[in-house]
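Colleague: I should be grateful for a close look at a single part of this model, namely its nonpolar core and the helix contact beside it. Please set out which residues and elements are involved.

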Amino acid sequence: MRRALWLWAALLGCSRAPRSAHGPAIFEARCASCHGADGRGDGLLGRTSVPPARNFHDPAWQASRTDAQLEDVIRRGGLAVGKSPLMPASPDLVPSQMAELVRFIRAAGRTP
Ligand code: HEC
């Protein structure tokens with residue numbers, strides 16, 4: 001079990017994009033392994049999962065979600081809102097981090 005956890009942590013660490021101008025540090029640390037550095041849903045874990053991690057550049061999806069809904073799924077995780085349990089909960093984010101994440105997701109939507 002310990003070994004499995006360690007492997008999981010190593011996998012997450014390796015798939016993380018190098019620090020860059022792509023997104024806020026919090027996105028790179030917690031989201032990019034699945035959603036990809038640019039939020040196209042093409043992170044190592046996200047592109048192979050079923051369903052795949054959300055591509056934030058999809059205009060139809062952007063139009064279907066309010067900021068409050070984004071915050072809700074980010075805070076409580078996919079399972080709590082009827083989405084994939086792979087989408088993790090982040091209940092510990094401070095308001096400035098949450099605002100950064102929502103801003104980044106919306107900015108991605110402006111470049112389909
Ligand atoms: C372990 C992989 C994984 C990580 C890490 C992850 N996500 Fe996701 N995320 C997913 C998957 C898979 C979905 C698609 C869920 C679905 O459509 O059922 C998703 C969906 C979403 C959605 C769309 C929900 C909706 O209402 O359609 C948002 C927004 C989101 N993620 C934000 C984030 C943010 C922000 C982070 C980092 C704090 C993050 N995710 C980290 C896998 C992940």
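Modeller: What follows goes from the chain as a whole to the core and then to one pair of helices. The model is a predicted one. The chain contains six helices and zero strands, and its elements run α-α-α-α-α-α from the N terminus. Of its 112 residues, 19% count as buried. Among contacts with a separation of 6 or more, 35% are between residues 24 or more positions apart.

The largest nonpolar core has 11 residues: Phe 27, Cys 31, Ala 32, Cys 34, Ala 37, Ala 53, Phe 56, Ile 74, Leu 101, Ile 105 and Ala 108. Two or more residues are given to this core by helix H3 (32-35) and by helix H6 (95-109). H6 provides the largest share, three residues. One member of the core is Cys 34; apart from neighbours within four places in sequence, Cys 34 is in contact with Gly 43, Leu 45, Gly 46, Ser 49 and Ala 53.

H6 also meets helix H5 (residues 67-76): the two axes come within 10 Å and cross at roughly 120°. The angle therefore makes H5 oblique to H6. The crossing of H5 past H6 is right-handed. On the H5 side the contact is formed by Asp 67, Leu 70, Glu 71 and Ile 74, and on the H6 side by Met 98, Leu 101, Val 102 and Ile 105. These residues divide into six nonpolar, no polar and two charged. Ile 74, Leu 101 and Ile 105 take part in this contact and also belong to the core described above.

Conventions: Residues numbered from 1 in each chain as written. Predicted model: local features only at pLDDT ≥ 70, side-chain atom pairs only at ≥ 80, totals over all residues. Core = buried A, V, L, I, M, F, W, Y, C linked by C-beta atoms within 7 Å. Buried ≥ 20, exposed ≤ 12 C-beta atoms within 10 Å, placed from the backbone. Helix = DSSP H or I, 4+ residues; strand = E, 2+ residues; numbered from the N terminus. Contact = placed C-beta atoms within 7 Å. Axes fitted to C-alpha atoms, helices over the stretch in contact; angles between N-to-C directions. Parallel < 35°, antiparallel > 145°, perpendicular 65-115°, else oblique. Left-handed = near helix turned anticlockwise from the far one by under 90°. Nonpolar A, V, L, I, M, F, W, Y, C, P; charged D, E, K, R; others polar.
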